[in-house]
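Reader: Please take one strand of this model and look at it closely, residue by residue where that is possible. Then show how the rest of the fold is arranged around it.

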Amino acid sequence: MLQAKSIHQYYGGSHILRDVSLSLEQGECLALLGRNGVGKTTLLKCLMGVVPIASGSIELDRSPITRMAPHLRAALGMAYVPQGRDIFSRLTVEENILMGLASKPAARARRIKQEIFDLFPVLETMLARRGGDLSGGQQQQLAIARALVAEPRFILLDEPTEGIQPSIIKDIAKVIRLLRERGDIGILLCEQYFDFARELADRFIVLSRGEVVSAGDKTQIDSDDVRRHLSA
């Protein structure tokens with residue numbers, strides 16, 4: 001289980017995250033919803049260790065990782081796909097994917113399992129192409145493949161639909177659904193589009209001004225209330 005308890009974070013004088021708690025089990029998809037600027041990306045960065053928290057705690061399998069470096073969290077089975085994808089534009093598709101194995105032993109460092117290409121067939125046809133030459137949707141698939149190649153137990157996806165053409169959004173939804181059904185990976189899906197998240201998530205957390213304003217599963221969440229928060 002990945003668990004965050006009473007997370008607070010500040011940027012300058014702004015209180016970005018206010019007493020935010022969540023838990024994520026392997027085999028489930030938790031959607032983190034909210035409009036731009038409410039603290040979603042900051043929360044994911046805190047969970048991954050990219051940004052230190054001001055107070056609170058983060059645990060993985062009930063062991064504290066609050067002060068642990070990002071690469072150590074990756075070695076424990078956490079993966080992060082940042083907003084904007086952050087692929088290496090001058091590296092090839094193959095080299096980009098292999099970068100996801102940096103936390104693995106050297107014996108694994110040059111092997112991409114076929115299941116990655118089963119999830120993203122287009123990437124197998126583009127292995128020698130530079131990452132910067134791919135379309136935005138293809139780069140998003142590449143970023144997710146780079147995270148999955150390390151076989152994480154938890155993956156944090158920051159707005160995977162942002163700026164992506166509809167056909168690729170459907171492909172990404174299919175991959176998320178397959179990963180959830182596989183049952184061995186927990187997915188934290190950060191989104192501002194409720195309809196996309198509603199099709200995939202088991203549970204929902206809604207942030208507004210850095211606070212959790214709504215939480216629950218599909219039977220508990222008020223869709224109209226969520227939409228109000230996303231459009232406010």
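Author: Two strands are said to pair if DSSP finds at least two bridges between them. Strands here are DSSP runs of E with at least two residues, numbered from the N terminus. The model is predicted.

The part chosen is strand β9, residues 203-208. Five of the six residues of β9 are buried, so the term "mostly covered" applies to the strand. One residue of β9 can serve as a way in: S208 is placed in this strand. The relative accessible area of S208 is 19%. Because the cut-off for buried is under 20%, S208 counts as buried. Across the strand pair, S208 stands opposite E211 of β10. When neighbours within four places in sequence are set aside, the contacts of S208 are V38, V213 and H229.

Now the two partners of β9. Strand β3, residues 29-33, pairs with β9 in the parallel sense, and four bridges link the two. Within that pair, L33 has V206 of β9 as its bridge partner. Strand β10, residues 211-217, pairs with β9 in the antiparallel sense, through six bridges. There, L207 has V212 of β10 as its bridge partner. β9 and β10 form a hairpin with two residues between the strands, and in this hairpin R209 has a positive phi near 55°.

In a regular strand, side chains alternate between the two faces of the sheet.

The sheet that holds β9 is open and has six strands, in the order β6-β7-β8-β3-β9-β10, with mixed pairing. Its edge strands are β6, residues 78-81, and β10, each of which pairs on one side only. From one strand to the next, the twist averages 15°. At the β6 edge, β6 and strand β7, residues 154-158, run parallel and are joined by four bridges. In this pair V81 stands opposite L157 of β7. Helix α7 packs on the sheet and touches β3, β7 and β8, the last being residues 186-191; the direction of α7 makes about 150° with that of β8.

A further helix reaches β9 itself. Helix α9, residues 223-231, lies across β3, β9 and β10, and runs at about 40° to β9. H229, one of the contacts of S208, falls within the residue range of α9.

From α7 the picture extends to helix α6. Two packed helices are described by the angle between their axes and the distance between the axes. For α6, residues 136-148, and α7, residues 166-182, the angle is about 15° and the axes are 9 Å apart. Because angles under 35 degrees count as roughly parallel, α6 is roughly parallel to α7. The crossing of the two helices is left-handed. On the α6 side the contact is made by G137, Q140, Q141, I144 and L148; on the α7 side by I168, I172 and L179. By class, this contact comprises five nonpolar and three polar residues, with no charged ones.

A second sheet is also open and has four strands, in the order β2-β1-β4-β5, with antiparallel pairing. The edge strands of this sheet are β2, residues 14-24, and β5, residues 63-64, and each pairs on one side only. Strand β1, residues 2-11, runs antiparallel to strand β4, residues 55-60, and five bridges join the two. L2 stands opposite L60 of β4. Helix α1, residues 40-48, packs on this sheet, touching β1, β2 and β4, and its direction makes about 60° with that of β2. α1 is mostly covered, with seven of its nine residues buried: K40, T42, L43, L44, C46, L47 and M48. G49 follows α1 and has a positive phi, near 90°.

β1 also pairs with β2, in the antiparallel sense and over seven bridges. I7 stands opposite V20 of β2. The hairpin of β1 and β2 has two residues between the strands, and G12 takes a positive phi near 60° in it.

To return to the strand requested: β9 is mostly covered, pairs in the parallel sense with β3 and in the antiparallel sense with β10, and has α9 lying across it.

Terms used. Residues numbered from 1 in each chain as written. Predicted model: local features only at pLDDT ≥ 70, side-chain atom pairs only at ≥ 80, totals over all residues. Heavy atoms only, no water. Buried < 20%, exposed > 50% of the residue type's maximum accessible area, 1.4 Å probe, protein only. Contact = heavy atoms within 4.5 Å. Axes fitted to C-alpha atoms, helices over the stretch in contact; angles between N-to-C directions. Parallel < 35°, antiparallel > 145°, perpendicular 65-115°, else oblique. Left-handed = near helix turned anticlockwise from the far one by under 90°. Nonpolar A, V, L, I, M, F, W, Y, C, P; charged D, E, K, R; others polar.
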